Amino acid sequence: SNSPRAVAVQPRFIGGTWKDCRNRFFAEGTQYDTVICSEGCYKEELYAELVDLLLTVLPAPRLPDVPAGVALFSGKRYYFGCGGGATSFALY
């Protein structure tokens, strides 16, 4: 059939430091297919914690070069006064 399938979506909104969120999700064994983040890459010194969180909550690829999960970010190219930004995070 060419009709679209119904997909159950269960969004979860979180708050806290990247490290606290990572620890909570790791303890729960929680994983997600998609992570959506806005203004999350504003400080370079937090990149390691943010990447660690993403590696914890996104499933590992099952095949080479085929991602099992995806993280979508929106933000500024550069955050004046904070030092981070989308460009430097993408290069991280």
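This report describes the overall build of a single chain, then its salt bridges and a nonpolar surface patch.

**Overall build**

The model is a predicted one, and its chain contains three helices and two strands, which follow one another along the sequence in the pattern α-β-α-β-α. Taken along the principal axes, the C-alpha atoms occupy a box of roughly 55 × 30 × 30 Å. The chain has 92 residues, of which 25% count as buried, and its accessible surface amounts to about 7,000 Å², with 57% of that area belonging to carbon and sulfur atoms. Among the contacts with a separation of 6 or more, 63% are made by residues that stand 24 or more positions apart.

**Charges and salt bridges**

The chain carries 9 positive and 9 negative charges, and the mean positions of the two sets are 4 Å apart. A search of the whole structure finds two salt bridges, which are listed here with the distance between the closest N and O atoms.

| Positive residue | Negative residue | Closest N and O atoms |
|---|---|---|
| Arg12 | Glu28 | 3.0 Å |
| Arg22 | Asp52 | 3.3 Å |

In the pair of Arg22 and Asp52, Arg22 lies in helix 1 and Asp52 in helix 2 (residues 47-57), so this salt bridge ties together parts of the chain that are 30 residues apart in sequence. Helix 1 itself spans residues 18-28. Arg22 has a relative accessibility of 18% and therefore counts as buried, the cut-off for that class being under 20%, whereas Asp52, with a relative accessible area of 35%, is partly exposed. Leaving aside residues up to four places away in sequence, Arg22 touches Asp52, Leu53 and Thr56, so that its salt-bridge partner is also one of its contacts.

Arg12 forms its salt bridge with Glu28, and this pair likewise links distant parts of the chain, with Arg12 in the segment before helix 1 and Glu28 in helix 1, 16 residues apart. Here Arg12 counts as partly exposed at 37% relative accessibility, and Glu28 is partly exposed with a relative accessible area of 44%.

**Nonpolar surface patch**

On the surface, Ile36, Val70 and Leu72 form a nonpolar patch, and together these residues have about 290 Å² of accessible area. Leu72 belongs to strand 2, which covers residues 70-74, and, at 44% relative accessibility, Leu72 counts as partly exposed. That value passes the requirement for patch residues of over 30% relative accessible area.

Terms used: Residues are numbered from 1 along each chain as its sequence is written. This is a predicted model: local features need pLDDT of at least 70, side-chain atom pairs count only at pLDDT 80 or more; totals for chains, interfaces and linings use all residues. Side-chain values use heavy atoms; hydrogens and water are left out. Helices (H or I, at least four residues) and strands (E, at least two) are DSSP runs, numbered from the N terminus. Buried means under 20% relative accessible area, exposed over 50%, partly exposed in between (1.4 Å probe, protein chains only). Contact means heavy atoms within 4.5 Å. Accessible areas come from the Shrake-Rupley method with a 1.4 Å probe; for residues, only the protein chains shown count as cover. Lys and Arg count as positive and Asp and Glu as negative; His and the chain ends are not counted. The place of a charge is taken as NZ of Lys, CZ of Arg, CG of Asp or CD of Glu. Patches are made of residues with over 30% relative accessible area and no salt bridge: like charges are joined within 9 Å, nonpolar side chains (Val, Leu, Ile, Met, Phe, Trp, Tyr) within 5 Å. A salt bridge is a side-chain nitrogen of Lys or Arg within 4 Å of a carboxyl oxygen of Asp or Glu.
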